Amino acid sequence: MSPYLKITAAALITGLAFASCSKDDNVSYPDTPELTYRSMNTGEVSYNDTTRWIMNYDFVDGDGDMGTDYTDSKLAVTITNLTTGAIYNYPFPYVPTEARFGKKYLKGSGTVSFAKNVFFVPRADSVHMLRDTFRFEMYVTDNAGNKSNVISTPPVYVSP
């Protein structure tokens with residue numbers, strides 16, 4: 001994985017303590033993964049900033065066949081920079097068996113973290129050297145090859 005991008009995923013723990021006594025035991029989700037965009041840490045970025053830009057999302061996969069092997073190098077996370085057209089592919093993070101709580105499905109939240117000075121590089125044309133706008137799309141693919149829906153970020157404004 002690139003030292004400039006970090007992707008994490010965690011199974012949700014909230015409410016699972018009561019799962020054996022709740023209606024959640026009978027819950028089912030589609031086998032095709034579903035993503036939901038939640039938030040980002042900032043909508044303003046400086047080209048020279050060396051901190052990280054963070055996007056948060058939720059996911060669910062009905063048959064739970066994502067992140068099952070810590071040695072898996074399958075490129076299951078695809079992120080597209082809609083401004084530059086650059087496409088980045090990464091493995092889905094490993095989610096250990098104990099974090100799955102015996103459920104068939106996998107439901108949780110994740111974070112994508114970009115190094116600002118790497119992923120928000122100014123375009124060479126003079127119009128965009130002083131201020132630019134970036135947007136990203138993301139989808140995941142599970143082990144069966146099912147592609148999730150595509151989520152998009154709001155615009156991220158970038159300046160020197």
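This is a short tour of a predicted model, stop by stop, with something to select at each one.

**Stop 1: the whole chain**

Start with a cartoon view of everything. The protein chain has 1 helix and 11 strands. Follow the cartoon along the sequence and you will read β-β-β-β-β-β-β-α-β-β-β-β. If you colour by accessibility, buried residues come to 36% of the 160 residues in the chain. A contact map is worth opening too: of the contacts with a separation of 6 or more, 75% are between residues 24 or more positions apart.

**Stop 2: an open sheet**

Now select strands S6, S5, S9 and S10. They form an open sheet of 4 strands in the order S6-S5-S9-S10, and the pairing is antiparallel. Which strands stand at the edges? They are S6 and S10 (151–152); each has a single partner strand, so one side of each is left without a neighbour in the sheet.

Stay with S10 for a moment and add S9, residues 136–140. These two strands run antiparallel and are joined by 2 bridges. To see how they line up, show Met 138 and Ile 151 as sticks: Ile 151, in S10, stands opposite Met 138.

**Stop 3: Asn 89 on S6**

Move to the other edge strand and pick Asn 89, which belongs to S6 (residues 87–91). Is this residue buried, partly exposed or exposed? Its relative accessibility is 35%, so Asn 89 counts as partly exposed.

Next, show what surrounds Asn 89. Setting aside residues up to four places away in sequence, Asn 89 touches Leu 75, Val 77 and Thr 78. Thr 78 deserves a second look. Asn 89 and Thr 78 are 11 residues apart along the chain, and their C-alpha atoms are separated by 4.6 Å. Switch on the side chains and you will find a polar contact of 2.8 Å joining Asn 89 and Thr 78.

**Stop 4: strand S11 and its two partners**

Select S11, residues 156–159. This strand has a covered face, made by Val 156 and Val 158, and an uncovered face with Tyr 157 and Ser 159.

Add S3 (residues 44–46) to the selection. S3 and S11 pair in the parallel sense over 3 bridges. One pair to highlight is Ser 46 with its bridge partner in S11, Ser 159.

Then add S8 (residues 132–134), which pairs with S11 in the antiparallel sense, over 3 bridges. Here the pair to display is Thr 133 and Tyr 157, the latter standing opposite in S11.

**Stop 5: Asp 132**

While S8 is on screen, click on Asp 132, which has its place in that strand. Where does this acidic-looking label sit, by accessibility: buried or exposed? With 3% relative accessibility, Asp 132 counts as buried, as the cut-off is under 20%.

Which residues does Asp 132 contact beyond its neighbours within four places in sequence? Show Tyr 47, Thr 83, Arg 123, Val 156, Tyr 157 and Val 158. Val 156 and Val 158 are already familiar from the covered face of S11.

**Stop 6: the cavity**

Finish inside the protein. The structure holds 1 cavity of 30 Å³ or more, with about 60 Å³ of space in it. To outline this cavity, select Met 66, Gly 67, Thr 68, Asp 69, Asp 72, Lys 74, Ala 76, Pro 91, Phe 92 and Asn 143. Colour the selection by residue type and the lining divides into 4 nonpolar, 3 polar and 3 charged residues.

Conventions. Residues are numbered from 1 along each chain as its sequence is written. This is a predicted model: local features need pLDDT of at least 70, side-chain atom pairs count only at pLDDT 80 or more; totals for chains, interfaces and linings use all residues. Side-chain values use heavy atoms; hydrogens and water are left out. On a 1 Å grid over the protein atoms alone, a cavity is a set of points where a 1.4 Å probe fits but cannot get out, and a pocket is an open set with protein on both sides within 12 Å along at least five of seven lines; lining residues have an atom within 4 Å of a point. Grid points are joined across faces, edges and corners, and a volume is the space filled by probe spheres set on the points. Ala, Val, Leu, Ile, Met, Phe, Trp, Tyr, Cys and Pro count as nonpolar, Asp, Glu, Lys and Arg as charged, and the others, Gly among them, as polar. Buried means under 20% relative accessible area, exposed over 50%, partly exposed in between (1.4 Å probe, protein chains only). Contact means heavy atoms within 4.5 Å. A polar contact is a pair of N or O atoms within 3.5 Å; within protein, one must be able to donate a hydrogen and the other to accept it, and residues adjacent in sequence count only if both atoms are side-chain atoms. Two strands pair if DSSP finds at least two bridges between them.
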